[in-house]
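Below is a short report on a protein–DNA assembly. Look over the sequence and the model, then read on.

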Protein chains: 2
Amino acid sequence: MVTIKDIAREVGVSPSTVSRALSNSPLISQATKERVHTVAKQLGYERNELARALVKGSSEAIGLVVPDITNPFFADIARGVGEVAHAFGYGVILCNTAESLERGLNYIRLLRRKRVDGLIITNAIRNDPVAKQLVGSKTPFILVSQLWEGIETPYVTGDDHYGARQAVEHLIALGHKRIGFIGGPAAVQSSNDRMQTYRNVLQKHGITPQEEWIRYADFTQRAGREAGRRMLSLTVRPTAIFAANDVIALGVLEAAEDLGLSVPKDLSIVGYDDISYASLPRIQLTTVAQPAFEMGKIATDWLISTISGQGRDFLHRVLKPHLVVRCTTSKPSP
Amino acid sequence: MVTIKDIAREVGVSPSTVSRALSNSPLISQATKERVHTVAKQLGYERNELARALVKGSSEAIGLVVPDITNPFFADIARGVGEVAHAFGYGVILCNTAESLERGLNYIRLLRRKRVDGLIITNAIRNDPVAKQLVGSKTPFILVSQLWEGIETPYVTGDDHYGARQAVEHLIALGHKRIGFIGGPAAVQSSNDRMQTYRNVLQKHGITPQEEWIRYADFTQRAGREAGRRMLSLTVRPTAIFAANDVIALGVLEAAEDLGLSVPKDLSIVGYDDISYASLPRIQLTTVAQPAFEMGKIATDWLISTISGQGRDFLHRVLKPHLVVRCTTSKPSP
DNA sequence: TTGTAGGCGTTATCAA
DNA sequence: TTGATAACGCCTACAA
């Protein structure tokens, strides 16, 4: 690898002159700059960002931790993050925890060791020393679509209570009384919030769901399918299911198909997120839309401006989702 | 940030002793090791990987460049890469080019400046100096589901000719004669290969497609929908469309719906990749399956073993895809 | 306008 | 078993 010393030797100046020329310092004469640049190009010089970051104390990189990159919701957040980061000259190190809490913690530690300038976190966390340490540290970070119980952090999230209320009230308005819920892992706050609101809204309408109609799954299609199959095989089965995200909802759709139930005639389904596949013609999933791409952008904007010291306060941004009624919900058949 | 010097001072030993203790060198006494470790933990020490990488000449990180992370095909590759990288203690820096050739080149340069130990590239590239430079360099890299015209590189890819032949012959066997093709951007080799084979197979069967039945789009649902709408609005329209990937195919499905055409009665559709959404009950897309996750794993395995000097030769791995016949293809209606 | 020297946080070599 | 010392490649006072 060619270094500034090589260039210096070749051009016949000192390394510091090369360094300055390369970073376009006004102190350097036009002539030397040109010579330095041509030699640099000629030798195929690429500046060592590791060394640079070490001395500048800043790596121009941010870390992004997601639980499942194959979920379009997180892929869209990642796209938003990348878009803004790229515009500001920042790199993004993306880590996929595959829904493992432990891996999430490992990645957070790894990213901090790599001295990223900031962190965007979309996965749940146990009340763990690593989290405490992160909060206590100087590394700025922000949560997206996620809250950590009992820990004060900046965040960009959707209003899960509002969204869940829209979903459940829609089902009730259609006349459903037997409404099930399939949530994500218990550690995920947003899933819990949606569940809580589901319970509250039902209660407000004088409906008490059977406990077998409330299930937790992983946030995957397969888990949704299994949970759905089980719930729909009960002797008294719900006429509608509210799923904590679209991926689960699509799994439930599969389960219905497996059991020969027709949607929405025999079963209404509402998802959450409005991933792009939810609007496919044959799918037409009724769901609660969240602006994932936007959330990624907002979080990154805040993070980068915080990194560069234009410290706006803690960001607490709650975006209102909205219900998109498509074709997987209808009146329950009598 | 606390450094080994801080620990050294606290424990009352030299920084080198701390360094050795922390990396569990056999030279250090058990007693000192323990003292060092407890003080390190107590002070919340996190080793600076930047400094470490600088002296070791290796960052334990690999770069991954993808054209579109929201395409489940690439998300799955990314998952495979992450899985293996993680197992070997490597980090992954993921860069999303948003289908821009230029951004792709920028990212490759950026990753090299960050001194990643290796590169996994899934995007197309113009015959560019950056590519030449990469090939001439010591940085190991491998292409996944991609070939660079006229440049000799390691790669893991699917057999696009074989896959496309399965697809087109399936349509011909069903009795189709008016078969269209919607490809990705012209710079993408795999898309071109599929197109070439499409032409060849038709020709072999004595069929000459109208030129309006061959279109290029971006590898996105929206582009597929638009291209599909245009093609299906022709006065003489194809009875079947072979799309260069599933995302485009889903767009074509939307287009058909838009125009009131029923699939597969009025139009058969074959995709490519078999992303997870292709098998949804209501979609049931006939497609050519490629093992994306596997491809990511294979590439990363090779890359890391090459990095660590167990240099197997250039990897040229071609995986055979297979046709999955579902419900978007049938005999053309008379 | 340029050069010298010191330091960023590690690891590695050589002595002790 | 431990400690100095010199790198790694770059940046930046301070001097010239």
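How many nonpolar, polar and charged residues does the surface near DNA strand D have, by class? The surface near DNA strand D has 9 nonpolar, 9 polar and 5 charged residues. Here Ala, Val, Leu, Ile, Met, Phe, Trp, Tyr, Cys and Pro count as nonpolar, Asp, Glu, Lys and Arg as charged, and the others, Gly among them, as polar.

## Basis of the model

This is a predicted model, in which local features need pLDDT of at least 70, side-chain atom pairs count only at pLDDT 80 or more, and totals for chains, interfaces and linings use all residues. Residues are numbered from 1 along each chain as its sequence is written, chains are lettered from A and ligands numbered from 1 in the order in which they are written, and side-chain values use heavy atoms, with hydrogens and water left out.

## DNA strand D

There are 23 residues around DNA strand D. A residue counts as near a strand if one of its heavy atoms lies within 4 Å of it. A:Ile4, A:Ser19, A:Tyr45, B:Thr17 and B:Arg20 come nearest. Sugar or phosphate makes up 68% of the strand D atoms within 4 Å of the protein, and bases make up the rest.

Three side chains place an N or O atom in polar contact (a pair of N or O atoms within 3.5 Å; within protein, one must be able to donate a hydrogen and the other to accept it, and residues adjacent in sequence count only if both atoms are side-chain atoms). For B:Thr17, the distance to a phosphate oxygen of DNA strand D is 2.3 Å. For A:Tyr45 it is 2.6 Å, again to a phosphate oxygen of this strand. For B:Thr32 it is 3.0 Å, also to a phosphate oxygen of strand D. H2 and H4 of chain A, with H2 and H4 of chain B, each give two or more residues to this surface. Helices (H or I, at least four residues) and strands (E, at least two) are DSSP runs, numbered from the N terminus. H4(A) provides the largest share near strand D, 4 residues.

## DNA strand C

DNA strand C is surrounded by 24 residues. The closest are A:Ser16, A:Thr17, A:Arg20, B:Ser19 and B:Tyr45. Of the strand C atoms that come within 4 Å of the protein, sugar and phosphate account for 66%. By class, this surface has 9 nonpolar, 9 polar and 6 charged residues.

The side chain of B:Tyr45 has an N or O atom 2.7 Å from a phosphate oxygen of DNA strand C. For the side chain of B:Arg52, the corresponding distance to a phosphate oxygen is 2.9 Å. A base is reached too: a polar backbone atom of B:Ala51 is 3.5 Å from a base nitrogen of strand C. Helices H2 (15–22) and H4 (49–56) of chain A each give two or more residues to the surface near strand C, as do H1 (4–11), H2 (15–22) and H4 (49–56) of chain B. H4(B) gives the largest share, 4 residues.

## Chain A against chain B

The contact (heavy atoms within 4.5 Å) takes 51 residues from chain A and 51 residues from chain B. The two chains bury about 5000 Å² between them, 57% of it on carbon and sulfur atoms. Buried area is the accessible area (1.4 Å probe) that two parts lose on being put together, summed over both. A:Leu50, A:Arg115 and A:Arg282 supply 16% of the area that chain A buries against chain B, more than any other three residues.

The interface has 4 salt bridges, each a side-chain nitrogen of Lys or Arg within 4 Å of a carboxyl oxygen of Asp or Glu. A:Arg103 meets B:Glu83 in a salt bridge at 3.2 Å, N to O. A:Arg113 and B:Glu49 form a salt bridge at 2.9 Å, N to O. A:Arg113 lies in helix H6 of chain A and B:Glu49 in helix H4 of chain B, so this pair joins two chains.

## Backbone details

The peptide bond between A:Val263 and A:Pro264 is cis, with omega about 10°. A:Pro264 sits in the loop between H11 and strand S9 (268–273) of chain A. In chain B, B:Val263 to B:Pro264 is a cis peptide bond, with omega near 10°.

B:Glu99 has phi near 65°, a positive value in a residue other than glycine. B:Glu99 belongs to the loop between strand S2 (91–96) and helix H6 (101–113) of chain B.
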